[in-house]
Amino acid sequence: MFISSAFAQAAPAAAGGDMQSSFMSLLPLVLMFVVLYFVMIRPQMKRQKEHRSMIEALAKGDEVATAGGLLGRVTRLGDQYLGVEVAPGVEVQVQRTAVVQVLPKGSIK
């Protein structure tokens, strides 16, 4: 007795109007995703691509800055690691991904 009246009250009046209202309720969510893509995701992907190409182009003698703040000259190249000379006779081994910037020649005296 009570269940059948509850179903009768929740039944939609027209199927066409229900479809349009569900689409309109999803529209703000779709618009937010599009804005987030162009504001956050796309620029980050571009930055990652530039960083990857910079790391692949490293060569001996390049002057680099690492994420830890070390400045030095590349002396050895490996698949995952670099030898960086930070002072005359002092060489440290760092990961390739730790290089954040290639400095212009002559920056390090």
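## An antiparallel five-stranded sheet after two helices

In this predicted model, 5 strands form an open sheet in the order E4-E3-E2-E1-E5, with antiparallel pairing. The edge strands are E4 (90-95) and E5 (99-103), and each pairs on one side only. Direction ignored, neighbouring strands of the sheet are turned by 45° against each other on average. Strands of a sheet pair through backbone hydrogen bonds, either parallel or antiparallel.

**Overall layout**

The protein has 2 helices and 5 strands. From the N terminus on, the elements run α-α-β-β-β-β-β. Of the 109 residues, 15% count as buried. The accessible surface comes to about 8,600 Å². Carbon and sulfur atoms hold 65% of that surface. Take the contacts in the protein with a separation of 6 or more: residues 24 or more positions apart account for 41% of them.

**The annotated helical span**

The unreviewed UniProt entry carries the annotation "transmembrane region" for residues 23-41. In the model, residues 23-41 are 100% helix and 0% strand. The end C-alpha atoms of this span lie 25 Å apart. Helix H2 covers residues 15-56.

A search of the whole structure finds 1 aromatic pair. Tyr37 and Phe38 form this pair, which is edge-to-face. Their ring centres are 5.2 Å apart, and the planes meet at 80°. How exposed is Tyr37? Tyr37 is partly exposed, because its relative accessible area is 30%. Phe38 is also partly exposed, with a relative accessible area of 49%.

**Strand by strand**

The table lists the strand pairings of the sheet.

| Strand pair | Sense | Bridges |
|---|---|---|
| E1 (63-66) and E2 (71-77) | antiparallel | 3 bridges |
| E2 and E3 (81-87) | antiparallel | 4 bridges |
| E3 and E4 | antiparallel | 6 bridges |
| E1 and E5 | antiparallel | 4 bridges |

Several pairings come as hairpins. E1 and E2 form a hairpin with 4 residues between the strands. Gly69 in that hairpin takes a positive phi near 100°. The hairpin of E2 and E3 has 3 residues between the strands. E3 and E4 form a hairpin with 2 residues between them. In the turn of E3 and E4, Gly89 has a positive phi of about 85°.

Now follow the partners across the sheet. Glu63 stands opposite Arg73 in E2. Arg73 in turn stands opposite Glu85 in E3. Arg73 therefore has a residue opposite it in each of two strands, since Glu63 is in E1 and Glu85 is in E3. Ala87 stands opposite Val90 in E4.

**Strand E1 and its surroundings**

Both faces of E1 are covered. Glu63 and Ala65 on one side are buried, and so are Val64 and Thr66 on the other.

Thr66 shows this at one position of the strand. Is Thr66 buried or exposed? Thr66 is buried, because its relative accessible area of 9% falls under the 20% cut-off. Which residues does Thr66 touch, not counting residues up to four places away in sequence? The answer is Val94, Ala98, Val99 and Val100. One of these contacts, Val99, is also the bridge partner of Thr66 in E5. Val94 falls within E4 (90-95), and Val100 falls within E5 (99-103).

Just before E1 comes a loop residue with sheet contacts. Gly61 is found in the loop between helix H2 and E1. Gly61 is partly exposed, with a relative accessible area of 23%. Where does Gly61 lie relative to Arg73? The two residues are 12 residues apart in sequence and 5.6 Å apart in space, C-alpha to C-alpha. Leaving aside neighbours within four places in sequence, Gly61 is in contact with Arg73, Val74 and Lys105.

**Summing up**

Arg73 recurs in this account. Arg73 stands opposite Glu63, stands opposite Glu85 and is in contact with Gly61. Thr66 links two accounts of E1: Thr66 is buried in that strand, and Thr66 has its bridge partner Val99 in E5. On the helical side, the residues annotated in the UniProt entry as "transmembrane region" are 23-41, and that span is 100% helix in the predicted model.

Note on methods:
Residues numbered from 1 in each chain as written. Predicted model: local features only at pLDDT ≥ 70, side-chain atom pairs only at ≥ 80, totals over all residues. Heavy atoms only, no water. Buried < 20%, exposed > 50% of the residue type's maximum accessible area, 1.4 Å probe, protein only. Contact = heavy atoms within 4.5 Å. Areas by Shrake-Rupley, 256 points an atom, 1.4 Å probe, with all protein chains shown as cover. Phe/Tyr/Trp six-rings, centres within 6.5 Å; stacked < 30°, edge-to-face > 60°. Pairing = 2+ DSSP bridges. Axes fitted to C-alpha atoms, helices over the stretch in contact; angles between N-to-C directions. UniProt positions renumbered as here; feature names shortened; annotations may be inferred.
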